[in-house]
Amino acid sequence: MKILITGGAGFIGSHVVRLFVNKYPSYTIYNLDKLTYAGNLANLKDIENKPNYKFVKGDIVDADFINKLFSELKFGAVIHLAAESHVDRSITNPLEFVYTNVIGTVNLLNAAKTIYKENTNAFKLFYHVSTDEVYGSLGETGMFTETTSYDPHSPYSASKASSDHFVRAYHDTYGLPSLISNCSNNYGPNHFPEKLIPLCISNIKNNKPLPIYGKGENVRDWLFVEDHARAIDVIFHNAKAGSTYNIGGHNEWTNIDVIRLLCKIMDKKLGRAEGTNEKLITFVKDRAGHDLRYAIDSTKLQNELGWKPSLQFEEGLERTVDWYLANEEWLQNVTSGDYQKYYEQQYVKR
Ligand code: NAD
Ligand code: TYD
């Protein structure tokens, strides 16, 4: 079967592509990616010459290109990860998020619908990868389940919520076999250093301030990226079309506690005296519309499909730090050029 994975050069996508290419030699994996600032073929160096892997550079917003690609290659399934993914960038430039996350998704759905209608036996599944941020923000208690109402607040989560609704609409209206998973915050190797954890790893390494929004009391529920990729594998192969699964590891942390733990791990790894890195913590102006707390209930996935997270947070964070310290060149390449402009705009006068 030919499987199209979109956004496969990004953070999560590269882990999904690697898992599928290595585990399923009988599938041909097409990685379609525009290679935006967040897409990086260096993430896939180890598998780029595998016979069942092909890279296609392209933009999901370009409907003609997408239609042609589907009509030529007649994919048997799609795993859709391509997106603009950073909340802060969505606050600065919401339209880009509408183009890629909403229009790009609808272009893919249209192209999938066309080949599905031509041969309903040949097109198996449109798997849409989404986020728990569509559910909005929690107070001190409670968790998101698959039946929690959508209540997005940021332009990013609003665009992802919209794309989720379109995926369900194509299932209900046209019978397109599709499903959605909503995952909590990921962390791990290849994470672009605009997000909290890799940004702070990079700054600790360079002895730069660690910008914590507000009081650092916001809570996120962190999952190691390879555990997310394994969940996508399990859901792709076992879930029924039309279903939704939450993915998360019951691992809630306030931002300040995450960064304190990271500082401690990196004191040791960098041979600095205990407490050295914590001095870099700097409280800065809060994010507009900052969601207080995310916490995801993944009981359905655990009970129905037997998936569970493989790592404790401390262990996952240590593996992540090790990866960044061993891949200095990767970090250097992605933090030169445009990144500097982004950093200045986002943080210097904050
Ligand atoms: P990322 O920003 O690291 O990667 C996105 C990838 O999509 C990049 O390779 C980029 O080049 C590509 N892309 C962007 N616009 C494109 C376009 N118009 N056409 C083709 N390719 C394009 O994102 P990520 O963190 O890996 O997230 C992947 C998916 O998982 C997204 O859909 C995101 O909403 C979802 N998700 C992310 C998290 C998280 O914590 N990062 C959690 C849950 C769900
Ligand atoms: P982020 O990694 O951007 O993911 P998301 O906004 O999708 O949850 O942010 C994680 C948390 O860290 C969030 O509460 C915002 C906060 N944060 C900071 O305090 N400082 C930063 O520089 C960044 C990027 C995020």
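Two strands are counted as paired if DSSP finds at least two bridges between them. Helices (H or I, at least four residues) and strands (E, at least two) are DSSP runs, numbered from the N terminus. The legends below describe a predicted model, in which local features need pLDDT of at least 70, side-chain atom pairs count only at pLDDT 80 or more, and totals for chains, interfaces and linings use all residues. Residues are numbered from 1 along each chain as its sequence is written, chains are lettered from A and ligands numbered from 1 in the order in which they are written, and side-chain values use heavy atoms, with hydrogens and water left out.

**View 1. The parallel sheet is open and consists of 7 strands.**
The strand order is 3-2-1-4-5-6-10. Strand 3 (53-57) and strand 10 (244-247) are the edge strands, each pairing on one side only. From one strand to the next, the twist averages 20° (axes are lines fitted to C-alpha atoms, for helices over the stretch in contact, and angles run from 0 to 180 degrees between N-to-C directions). Strand 4 (residues 77-80) and strand 5 run parallel and are joined by 4 bridges; I79 has Y127 of strand 5 as its bridge partner.

**View 2. Helix 7 lies across strands of the parallel sheet.**
The strands that helix 7 lies across are strand 1 (2-6), strand 4, strand 5, strand 6 (178-183) and strand 10. Contact here means heavy atoms within 4.5 Å. Relative to strand 5, helix 7 runs at about 145°.

**View 3. A mixed, open sheet is formed by 3 strands in the order 7-9-11.**
Its edge strands, strand 7 (185-187) and strand 11 (252-254), each pair on one side only. The twist averages 50° from one strand to the next. Strand 9 (residues 219-224) runs antiparallel to strand 11, with 3 bridges joining them; W253 in strand 11 is the bridge partner of R220. Helix 7 (residues 225-238) lies across strand 7 and strand 9, at about 70° to strand 9.

**View 4. Ligand 1 is surrounded by 28 residues.**
I12, D33, S85, Y156 and K160 come nearest to ligand 1; a residue is near a molecule if one of its heavy atoms lies within 4 Å of it. Helix 1 (11-23), strand 5 (125-131), helix 5 (155-174) and strand 7 each supply at least two residues of the shell, and strand 5 gives the most, with 3 residues.
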